[in-house]
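User: I would like a close look at one part of this model, together with what surrounds it. Please keep the account plain and connected.

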Amino acid sequence: MKHNLEIEYKTMLDEPLFDKIKSKLPFDSGVNQRNDYYDTPDRQLYSMGIMCRIRTVDNRFEFTVKIPQEDGVMEHEVLLETKTLDHPSVINFFNQLNLDVSQLDCIAYSDTQRYTYDDAYGSWCLDASSFENHNDFELEYELHEANEKAYPHYVDMLNELDVEYREAKPKYIRALTSGA
């Protein structure tokens, strides 16, 4: 299992602004991501602030657990051969939390069309996401590594694009509240 400290900044958009940004910046042709989110029926992971998902892109399955840290989110990831939590690394991870993977169910999902491009400090991700009961749009800036120049660069880009910052909750939380 690989480990990575994720540091990102993001803002919500409306659809016209999404389209404007997509036409102004050199994004790639995009990829569709399906995120299936897992937790116990009584939301034990959620109560610990932990997000668990399997992301499907084409025929590739990536298991990810995100745990908040002081300066970002620690991601624990492993590639899976099939879309199942029955993998030795996944089982071992949850055993350390005193959870059996058989207790985990898919509790929510999101489908995202993601467009990206990289610059000096990170990857710009323009996302159009569908959830159970709504769609939304966001712009994320995922840093390659911690860098004190990255946040001012992000703010400058928002200003250049005439984007007013609007708080973006994690997709996981938006997926959970979509069915409510």
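The part to examine is strand β8, residues 122-130.

Analyst: The model is a predicted one, and the account goes from the sheet to the strand, and then to the side chains around it.

The sheet comes first. It is open and is built from nine strands, in the order β1-β6-β5-β4-β3-β7-β8-β9-β2, with antiparallel pairing. The edges are taken by β1 (2-6) and β2 (8-13); each of them has a single partner strand, so one side of each is left without a neighbour in the sheet. On average, neighbouring strands here are turned by 30° against each other, with direction ignored. In the strand order, β8 stands between β7 and β9.

On the β7 side, residues 105-118 of β7 pair with β8 in the antiparallel sense, and eight bridges hold the pairing. Two of the facing residues can be named. Tyr 115 has Leu 126 of β8 as its bridge partner, and Tyr 117 stands opposite Trp 124 of β8. The two strands form a hairpin, with three residues between them.

On the β9 side, the pairing with β8 is again antiparallel, and it counts nine bridges. Here Cys 125 has Glu 140 in β9 as its bridge partner. A hairpin makes this connection too, and four residues lead from β8 to β9. In a regular strand the side chains alternate between the two faces of the sheet.

How much of β8 is covered? Eight of its nine residues are buried, so β8 is mostly covered.

Two helices can be placed against the sheet, taken here after the pairing of β7 with β8 over eight bridges. Helix α3 (residues 88-96) packs on it and touches β4 (51-57), β5 (60-69) and β6 (72-80), with its direction at about 20° to that of β5. Helix α5 (residues 171-178) also packs on the sheet, and β8 is among the strands it touches, along with β2, β3 (31-39), β4, β7 and β9 (135-143); the direction of α5 makes about 135° with that of β7.

Charged side chains add further links. The whole structure has 17 salt bridges. One network of salt bridges links Arg 114, Asp 127, Asp 136, Glu 138, Glu 140, Glu 142, Lys 171 and Arg 174. Glu 140, the bridge partner of Cys 125 in β9, is thus one of the residues in this network.

Two pairs from the network can be followed in detail. In one, Arg 174 forms a salt bridge with Asp 136, and the closest N and O atoms are 2.7 Å apart. Since Arg 174 belongs to helix α5 and Asp 136 to strand β9, the pair ties together parts that are 38 residues apart in sequence. Both Arg 174 and Asp 136 are buried. In the other, the side chains of Lys 171 and Glu 138 meet in a salt bridge at 2.4 Å, N to O. This pair also links distant parts of the chain, with Lys 171 in α5 and Glu 138 in β9, 33 residues apart. Lys 171 has a relative accessible area of 8% and is buried; Glu 138 is buried as well, at 0%.

Strand β7, the other partner of β8, has a link of its own to β3. Arg 34 and Asp 111 meet through their side chains in a salt bridge, 3.3 Å from N to O. Because Arg 34 lies in β3 and Asp 111 in β7, this pair ties together parts 77 residues apart in sequence. Arg 34 is partly exposed, at a relative accessible area of 27%, and Asp 111 is partly exposed too, at 25%.

The cysteines remain. There are zero disulfides in the structure. Cys 52 is in none, and the nearest cysteine sulfur, that of Cys 106, is 9.7 Å away, whereas a disulfide needs the two sulfur atoms within 2.5 Å. With 0% relative accessibility, Cys 52 counts as buried. Cys 106 is likewise in no disulfide, its nearest cysteine sulfur being that of Cys 52. Cys 106 is partly exposed, with a relative accessible area of 43%.

In short, β8 is a mostly covered strand, joined by hairpins to β7 and to β9, and touched by helix α5.

Key. Residues numbered from 1 in each chain as written. Predicted model: local features only at pLDDT ≥ 70, side-chain atom pairs only at ≥ 80, totals over all residues. Heavy atoms only, no water. Pairing = 2+ DSSP bridges. Axes fitted to C-alpha atoms, helices over the stretch in contact; angles between N-to-C directions. Contact = heavy atoms within 4.5 Å. Buried < 20%, exposed > 50% of the residue type's maximum accessible area, 1.4 Å probe, protein only. Salt bridge = Lys/Arg side-chain N within 4 Å of Asp/Glu carboxyl O.
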